[in-house]
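Student: I would like to go through a structure and ask, for each label, what justifies it. Could we take the terms one at a time?

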Amino acid sequence: MRAKFHVSGLIALIISIMTAAAPAQSSQIDAASPDQLVEILKTNVLLTGDIVKRLAAQKRLAQLGKQDPQAVVPLIIKELSPPWSYGKTAVHQRLALIELLRDIGAAAEPSAPLLMEILANPQEKNQYVKMQAATALERIGSPGAKTATKQYY
């Protein structure tokens, strides 16, 4: 019984520490530039990273991308442009960046040609990257994006 109390007390302490740290982390994300947010996103894609920080950066970038696509979408296009690396971290970074374009939606329309290129690229071996690109194109919704998605499926 005593050990059970000790574990539950420890869990409560951890939760209270995380709750206290969350506002500081949130204001840090809110104050970051789009460049910094992209780096936070890329740095925290794997389980060794901070998933909460990654999701906060992704959410903030999606908000900024919808408000001012010219400030965010070109950064993502630059990060996704060749030459590509196919290591585990690079694939997860590509997935996160393409997911961000999906979250931005129609405002990410300038990225459609690159996403179409990813779908058509026979060297792109990761089907999850292709599926994420197709999903982003669906959300973008332009006629060319819809056609590329239909051809992929």
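What follows is a set of questions on this predicted model, each answered from its values.

Student: What makes up the chain, helices or strands?

Tutor: The chain has eight helices and zero strands. Read from the N terminus, the order of elements is α-α-α-α-α-α-α-α.

Student: How do you know which helix of the prediction has the lowest confidence?

Tutor: By mean pLDDT: among the elements of the chain, α1 (residues 2–31) has the lowest value, 57, and α4 has the highest, 94. For the chain the mean is 83, and 82% of the residues reach 70 or more. Where pLDDT is low, the predicted coordinates should not be read in detail.

Student: Why is Leu137 called buried?

Tutor: The term requires a relative accessible area under 20%. Leu137 has 0%, so it is buried. Leu137 lies in helix α7. Apart from neighbours within four places in sequence, its contacts are Ala112, Leu115, Met116, Leu119, Ala145, Ala148 and Thr149.

Student: Why does Leu114 get the label buried?

Tutor: Its relative accessible area is 8%, and the limit is under 20%, so Leu114 counts as buried. Leu114 belongs to helix α6. Beyond four places in sequence, Leu114 touches Ile77, Leu80 and Ser81. With Leu80, the C-alpha separation is 8.0 Å, although the two are 34 residues apart along the chain.

Student: And why is Ala106 called exposed?

Tutor: Exposed means over 50%. Ala106 has a relative accessibility of 52%, so it counts as exposed. Ala106 sits in the loop between α5 and α6.

Student: What does Ala106 touch, setting aside residues up to four places away in sequence?

Tutor: Ala106 touches Arg139 and Ile140. The C-alpha atoms of Ala106 and Ser142 are separated by 7.6 Å, with their positions 36 residues apart along the chain. For Leu137 and Ala106 the C-alpha distance is 8.8 Å, at 31 residues apart in sequence.

Student: How do you know that the length of α4 agrees with that of a helix?

Tutor: At 1.5 Å a residue, the 12 residues of α4 should span 16 Å, and its end C-alpha atoms are 16 Å apart, so the two agree.

Student: Which residues of α4 are buried, and what makes them one face?

Tutor: The buried residues of α4 are Val72, Val73, Leu75, Ile76 and Leu80. Seen down the axis of α4, they fall within an arc of 160°, so they line one face of the helix. An α-helix has 3.6 residues a turn, so residues three or four places apart point the same way. The face of α4 turned away from the buried side carries the exposed residues Gln70 and Lys78. Cover for the buried residues of α4 includes α2, α3, α5 and α6.

Student: What about α8, and why do its buried residues count as one face?

Tutor: In α8, the buried residues are Ala145, Ala148 and Thr149. Down the axis of α8, these buried residues fall within an arc of 100°, so they line one face. They pack against α6 and α7. Pro143, Lys150 and Gln151 are exposed, on the face of α8 turned away from the buried side.

Student: What makes a group of residues a nonpolar core, and which members of the largest one touch the most others?

Tutor: The members must be buried nonpolar residues joined through side-chain atoms within 4.5 Å. In the largest such core, with 38 residues, Leu37, Ile76, Ile98, Leu101 and Leu115 touch the most other members. The elements giving two or more residues to this core are α2, α3, α4, α5, α6, α7 and α8. Of these, α5 gives the most, with eight residues. In soluble globular proteins, nonpolar side chains tend to be buried together.

Student: What surrounds Leu37, leaving aside neighbours within four places in sequence?

Tutor: Leu37 is in contact with Ile29, Ala32, Ala57, Arg60, Leu61 and Leu64. Arg60 is in helix α3, and beyond four places in sequence it touches Ile29, Asp30 and Leu37.

Student: How much of the chain counts as buried?

Tutor: Of the 153 residues, 39% count as buried. The accessible surface of the chain comes to about 9,100 Å², of which 61% belongs to carbon and sulfur atoms.

Conventions:
Residues numbered from 1 in each chain as written. Predicted model: local features only at pLDDT ≥ 70, side-chain atom pairs only at ≥ 80, totals over all residues. Heavy atoms only, no water. Buried < 20%, exposed > 50% of the residue type's maximum accessible area, 1.4 Å probe, protein only. Helix = DSSP H or I, 4+ residues; strand = E, 2+ residues; numbered from the N terminus. Contact = heavy atoms within 4.5 Å. Arc of directions from axis to C-beta. pLDDT = per-residue confidence, 0-100. Areas by Shrake-Rupley, 256 points an atom, 1.4 Å probe, with all protein chains shown as cover. Expected span 1.5 Å × (residues − 1).
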